[in-house]
Amino acid sequence: MEHARSFIAGQYYTAAGMPLSPVFNPATGAQIGQVDIIHAAGLDAALLAASSGFESWRRTSAYERGRILQAAASLIRERKEAIGRLMTLEQGKPLAEAIGEVATSADNIEWMAQEATRAYGRLLVPRTAGITQAVQREPIGPVASFCPWNFPALTPARKIAGALAAGCSLILKPSEETPFTAAHIVRAFIDAGVPAGVLNLVYGKSRQVSAHLIASPVIRKISFTGSTAVGKELLALAAQGVKRATMELGGHAPVVVFDDVDPVAAARQAVIAKFRNAGQVCTSPTRFYVQAGIYPQFLEAFVAAARAIQVGDGMDPASQMGPLANGRRVDAMELLVADAVKHGARLECGGSRHEGAGHFFAPTVLSGVPESARIMYEEPFGPVVPLAPFDTFEEVLGRVNALPFGLAAYVMTRSLARASAMSDALEAGMVAVNHYTVSTPASPFGGVKESGYGSEGGIEGLDAYLTSKTVTQRVA
Ligand code: NAD
């Protein structure tokens with residue numbers, strides 16, 4: 001049995017009377033561990049630690065900060081199998097995917113380790129002789145970061161790396177449903193030499209933790225990944241203290257498939273992307289609009305590939321898709337499928353949960369889904385995919401941009417003109433043409449509209465934790 005505890009001011013935090021919350025393996029339903037639920041006094045201790053940690057870390061040279069981050073990335077790489085195993089046990093994704101996520105986390109940390117030394121300011125040309133004007137880039141201050149359960153290593157790794165590279169201290173709250181992976185990511189940073197107080201980890205009741213931390217004058221910035229509904233709540237709290245925020249919220253990524261592509265190859269490629277992490281990915285391709293001329297062939301190949309997916313416990317090397325991370329997602333899938341069918345969609349395959357233990361749901365394809373069905377405007381966040389035909393460029397553009405979301409969007413075409421026109425017109429933070437990788441360490445990851453604002457990754461991911469100070473002097 002694993003036991004996750006908060007880590008504050010360089011040590012594991014213990015206090016009398018902290019309740020425990022059980023952690024379950026979503027593939028079996030068996031309890032695999034527990035997590036301490038922190039109380040208000042513990043959160044105050046974390047705030048105090050982050051405050052003093054910031055004072056020393058901001059004065060640590062960016063080269064030294066980068067060196068420590070680089071060491072953390074190396075440790076995470078060395079430990080990727082062990083961390084990946086824990087991730088599969090607590091979150092469900094296939095082991096190879098989990099280990100891959102840990103390795104990607106290390107890549108992201110390494111990139112930020114190098115970027116730490118590039119927080120350049122600038123000198124301005126003065127308007128008056130004898131005056132100098134400089135813009136200094138400074139870390140914004142202690143940060144509170146809140147993570148969900150779908151990427152238990154990558155989300156914490158990105159939030160820690162950006163903040164620490166910039167010179168900020170951090171209080172990180174992972175999901176209590178997937179606490180163990182995050183604990184090991186944090187451990188690697190501590191083992192790499194991050195000083196006490198700079199990186200603090202708390203587990204608790206989400207609403208209580210965020211309200212307490214965001215209200216504190218110590219916290220100068222928040223970063224949240226999760227649903228749009230919770231993001232709005234946290235933004236309202238941040239507004240009370242006029243605090244900066246990075247919001248990585250929900251998406252509902254459209255895929256526009258034009259009739260100049262090979263429908264079979266495009267469908268097979270799409271199925272791999274769609275069912276990764278059982279569809280529990282904010283950039284997951286979730287609404288397929290296929291041009292009428294190739295719609296029947298695309299649909300047939302898509303359904304065949306979805307049917308062939310091997311669903312099972314992520315610890316089994318044969319499994320290509322694991323369980324959903326929790327029972328809430330299984331219930332949500334059932335409701336979305338029933339609603340789509342009620343609105344006239346055709347259930348091509350899947351559509352139901354698996355009997356027995358574990359939160360398994362069959363890869364599900366719905367065809368001819370009208371825009372009025374909930375799944376066309378609500379993020380599925382699971383292995384259910386709607387397909388619908390379209391005729392013209394203008395028509396499909398109106399349909400894909402109609403939602404309040406704008407995270408990722410995908411286009412499949414061999415026409416350079418169509419690709420450019422679509423990329424320009426899509427209301428999304430990230431667009432991929434003819435492939436599905438929108439996230440790399442060097443590229444800004446973030447959305448527009450109700451998918452949030454601010455970015456993680458790229459030079460924007462460092463900028464998110466910096467503030468600009470103008471310093472002007474009369475020198476003569
Ligand atoms: P939820 O909206 O209650 O929670 C989403 C995440 O936010 C969870 O990890 C939770 O621990 C955290 N959270 C919830 N309330 C919080 C609060 N007041 N303060 C701080 N953190 C809080 O629901 P859920 O059932 O966990 O997930 C459902 C939906 O969330 C999904 O359908 C999906 O749309 C969205 N989601 C998005 C992402 C993403 O990567 N953008 C990740 C996970 C979930």
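This report describes strands, sheets, cores and the ligand surroundings in a predicted model.

**Strand β11 and its neighbours**

Strand β11 covers residues 221-225, and five of its five residues are buried. Both faces of β11 are covered. On one side lie Lys221, Ser223 and Thr225, on the other Ile222 and Phe224, and all are buried. Lys221 is thus listed among the buried residues of β11.

β11 pairs with strand β8 (residues 143-146) in the parallel sense, over four bridges. Within this pairing, Ala144 stands opposite Ile222. β11 is also joined to strand β12 (residues 244-248) by five bridges, and these two strands run parallel. Here the bridge partner of Lys221 is Arg244 in β12. Between β11 and β12 the chain passes through helix α8 (residues 228-240), and this β-α-β crossover is right-handed.

The parallel pairings with stated bridge counts are set out below.

| Strand pair | Bridges | Opposite residues |
|---|---|---|
| β8 (143-146) and β11 | four | Ala144 and Ile222 |
| β11 and β12 (244-248) | five | Lys221 and Arg244 |
| β13 (253-257) and β19 (408-412) | three | Val256 and Val411 |

**The seven-stranded sheet**

An open sheet of seven strands has mixed pairing and the order β15-β16-β17-β14-β13-β19-β20. Its edge strands, β15 (346-349) and β20 (430-433), each pair on one side only. On average, neighbouring strands of this sheet are turned by 25° against each other, direction ignored.

Inside the sheet, β13 (residues 253-257) and β19 (residues 408-412) pair in the parallel sense over three bridges. Val256 stands opposite Val411 of β19. Helix α9 (residues 263-274) packs on the sheet, where α9 touches β13, β14 (285-291), β17 (384-390) and β19. The direction of α9 makes about 165° with that of β14.

**Nonpolar cores**

The largest nonpolar core holds 78 residues. Leu69, Ile109, Leu164 and Leu170 touch the most other members of this core. Helix α4 (residues 95-115) supplies the largest share, nine residues. Leaving aside neighbours within four places in sequence, Leu164 is in contact with Arg65, Leu69, Leu170, Val194, Val198 and Leu199. Leu69 and Leu170 thus appear among the contacts of Leu164. Another core, of 69 residues, lies apart from the largest one; among its residues are Phe275, Met321, Ala332 and Val384.

**Ile131**

Ile131 is found in strand β7 (residues 131-139). Ile131 is partly exposed because 13 other C-beta atoms lie within 10 Å, whereas a buried residue needs 20 or more and an exposed one has 12 or fewer. Not counting residues up to four places away in sequence, Ile131 touches Pro126, Thr472 and Arg474. Ile131 and Ile109 are 22 residues apart in sequence, and their C-alpha atoms are 40 Å apart in space.

**Around the ligand**

The shell around the ligand comprises 22 residues. Of these, Pro148, Ser210, Gly226, Ser227 and Cys282 come nearest. Two or more residues of the shell are given by each of the helices α7 (206-215) and α8. α8 gives the most, with four residues. The same helix α8 forms the crossover from β11 to β12.

Terms used:
Residues are numbered from 1 along each chain as its sequence is written. This is a predicted model: local features need pLDDT of at least 70, side-chain atom pairs count only at pLDDT 80 or more; totals for chains, interfaces and linings use all residues. Two strands pair if DSSP finds at least two bridges between them. A crossover is right-handed if, with the strands pointing away from the viewer, the path from the first strand over the helix to the second runs clockwise. Axes are lines fitted to C-alpha atoms, for helices over the stretch in contact, and angles run from 0 to 180 degrees between N-to-C directions. Two residues are in contact if their C-beta atoms, placed from the backbone, lie within 7 Å. A nonpolar core is a set of buried Ala, Val, Leu, Ile, Met, Phe, Trp, Tyr and Cys residues joined through C-beta atoms within 7 Å. A residue is near a molecule or strand if its C-beta atom, placed from the backbone, lies within 6 Å of it.
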